[in-house]
Amino acid sequence: GDGGRAGAGTVGQGIDHDRMVNADAHPGQWASYSRTWDEQRYSPLDQINDGNAQDLGLAWYDDLETYRGVQASPLVIDGVLYNETIFNVVTAYDARTGRKLWTYDPGVGKEWAGLACCGPSSRGIAAWGDSIIIGALDGRLIAIDRHSGKEIWSAQTFDRKDQYSITGAPRVYDGKVIIGNGGADYGSRGFVVAYDAATGKRLWKFYIVPTDPAKGPDGEASDSAMRIAQPTWHGKFWEAGGGGNAWDSFAYDPKLNLVYIGTGNGSPHMWHFRSEGKGDNLFLCSIVAVDATTGAYKWHYQMVPEEDWDYTCTQPMVLADMKIKGRTRQVIMQAPKNGFFYVLDRGTGQLISAKSYVSVNTWASHVDMKTGRPAVLPTAHNTTTPHLMNPSWMAAHTWHPMSYSPKTGLVYLSAQEQAAIYARAEDGQYRYVKGRNNTGQDHASQPELRKALMKEVLASEKGYLLAWDPVKQREAWRVSYPLPGSGGVLTTAGNILVQGTINRTLAIYRADNGLKLWEMNIDQAPVAGAITYMVDGEQYIAINAGWGGSPVYNLNRDGPFRFATAKLMVFKLGAKGVTLPPMPPATQDAYLPRERIPADVAARGATLYGESCNRCHGDNATGGIKDLRKMNKEAHDSFLDIVLRGTRLHNGMPSFEGVLTEAQAKDIHGYLITRAQEDW
Ligand SMILES: O=C(O)c1cc(C(=O)O)c2c(n1)C(=O)C(=O)c1cc(C(=O)O)[nH]c1-2
């Protein structure tokens, strides 16, 4: 193995094709988001295993000093651990001891949090040669020297005037840096770009959705694909960008030389407003395969035609070779937001199988094997009457890393059943606003019906760790949790599975049967995926432990606000003596204003809340990163300063100046007071 040593004088050869393709010859390293280009998030290390996991202890930790969700997977190369926290600050540590070697802060403006629907998170960094590559929230790709932390090159991937942000981890495939962006919710046209990792030169660009045909071809790698996509769109869809943003997931097959792009939802969300309720709207919620060298279109498979629900197919894609009906197939697997588990041939995009992995699916009864299309239920498309969808925009499974163990043949993911109320606005009531969450939804009509539906939402919430057999397309086993919101998954050759849980623990299960081997209270519910590495003959498990983003549940929904700051935590066998600081006390100063709020104010506030606040603070103001029904007196008194003048920017709460007027912010405040009075 490459149990390299940290520190001076140990410059490695750098990450190259051989180190990635023959990653199992370097079991100690974790040099890409999911370790390998196939995104299996499986490690061949087995020193920590099903026979000794109970001896794990905390080896070291670092306080990341934020309450926001830290979503990154660290990298480990030659004994150095590289970690990224919110706003893309990267720190290099001695992977054995946690000693800090350097920190690089790209100086991302805190206001960029306003264009990240679910928080200023980053899911990680990439490595190539002797550099670390950052995809910054403000759209920069930045290469830094991994030995010194000094900048090598920087390139801006989108126009900073537009409604984009980067939250996903870049990948480097044979020297080409691949990155997409978020922004489908704010009015943007999704695209993916490739840059030369050595020089920062742009190589190709692939648009995911078409634009105004009067403009002619883009002159980009996606032109042939846009000829296929254009006839599937109607009306003036380009005004709100169209969306499709690839904000998280990629995979790469070096033999086929194909890059797989998982694409996102439409902008605005409502199909009726986006495309006159007509057409499949390619390539929303699809997997698109492109040539890695040129970016040219190769094939696509659309999971969600007629996208109408903020369903994304940006969820992790995992490549594996497996025996199906007697034949070894090269597959690509995905469990996107819509609740179906898909197995496709990754050479051709042909559907091999698809099965729902959640117990309720109000979207489609099945996927037709002849046409490859979902049998969408007649009740699924949105009308002006509020109805429940499950899965919802909060997803049956979202970006949380999925793992495939070639040893068990099973796929593991954090599954959830979390319904939401949908209704489209009346005709004439929706208008595109740059920078606002452009859903086209109505959040206020028929309040009595909504209250009844909300009860059903709360009664039906479920979260569980799901082990899925992709060949038989059926559940192997599950571990149920009291609520949605547990994290990503790692498996290893030691027959262990590592997951952060909503019970504020890190847990280890047997990968073959789900039996719990070890669990430790860590005062935090990690949403990120764990990694594992080996240095000097010792195996470690590392995870960023911080809770936030989607699912928009609240760790404190039924009590006062209480949780620990996010931490990078590292575990090994037999570690003793390192303990976490005591949990901060709960805040007890929630304040209930008594004023009566007129119904029309609350109704206007409800819609504005749905467009600008619910991604972080929960549908119906029932949770999220901070429960706004439990604001203290000071927050109520300074509400307009917080919302419009950015006085809590340092916490990651953006300013909505220019997006909301003062009157609109007051309506939102009125709505929140109503919600506090209802639920106090
Ligand atoms: O359409 C987009 O551009 C976009 C971006 C992001 C993001 O960048 O985090 C998310 C989503 N959509 C999304 O639909 C979603 O459910 C989601 C959850 C999270 C998260 O951080 O937990 N991000 C995003």
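Note to self before starting: two strands count as paired if DSSP finds at least two bridges between them. I'm working on a predicted model here.

**Entry 1, the hairpin.** I looked up strand E31, residues 462-469, and strand E32, residues 474-481. They run antiparallel to each other and pair over seven bridges. I then checked what faces tyrosine 464, and found serine 480 of E32 standing opposite. The two strands, E31 and E32, make a hairpin, with four residues between them. In that turn I noted glutamine 473, where phi is positive at about 50°.

**Entry 2, where the ligand is.** Next I went to the ligand and asked which cavity holds it. I found the ligand in the largest cavity. I listed the residues around the ligand and got 20, with Thr167, Gly183, Lys337, Trp399 and Ser550 as the closest. Sorted by class, that shell holds nine polar, six nonpolar and five charged residues.

**Entry 3, polar contacts.** Which ligand atom does threonine 167 approach with a polar side-chain atom? I found an oxygen, at 2.7 Å. Glutamine 71 also puts a polar side-chain atom by a ligand oxygen, at 3.0 Å. For tryptophan 247 I noted a polar side-chain atom 3.2 Å from a nitrogen of the ligand. I also looked up how much of the ligand is covered: on its own it has 470 Å² of accessible area, and the protein covers 99% of that.

Technical notes
Residues numbered from 1 in each chain as written. Predicted model: local features only at pLDDT ≥ 70, side-chain atom pairs only at ≥ 80, totals over all residues. Heavy atoms only, no water. Near = heavy atom within 4 Å. Polar contact = N/O pair within 3.5 Å; in protein donor to acceptor, adjacent residues only side chain to side chain. Areas by Shrake-Rupley, 256 points an atom, 1.4 Å probe, with all protein chains shown as cover. 1 Å grid on protein atoms, 1.4 Å probe; cavity = no way out; pocket = protein on both sides within 12 Å on 5 of 7 lines; lining within 4 Å. Sits in = over half its atoms within 2 Å of the grid points. Nonpolar A, V, L, I, M, F, W, Y, C, P; charged D, E, K, R; others polar.
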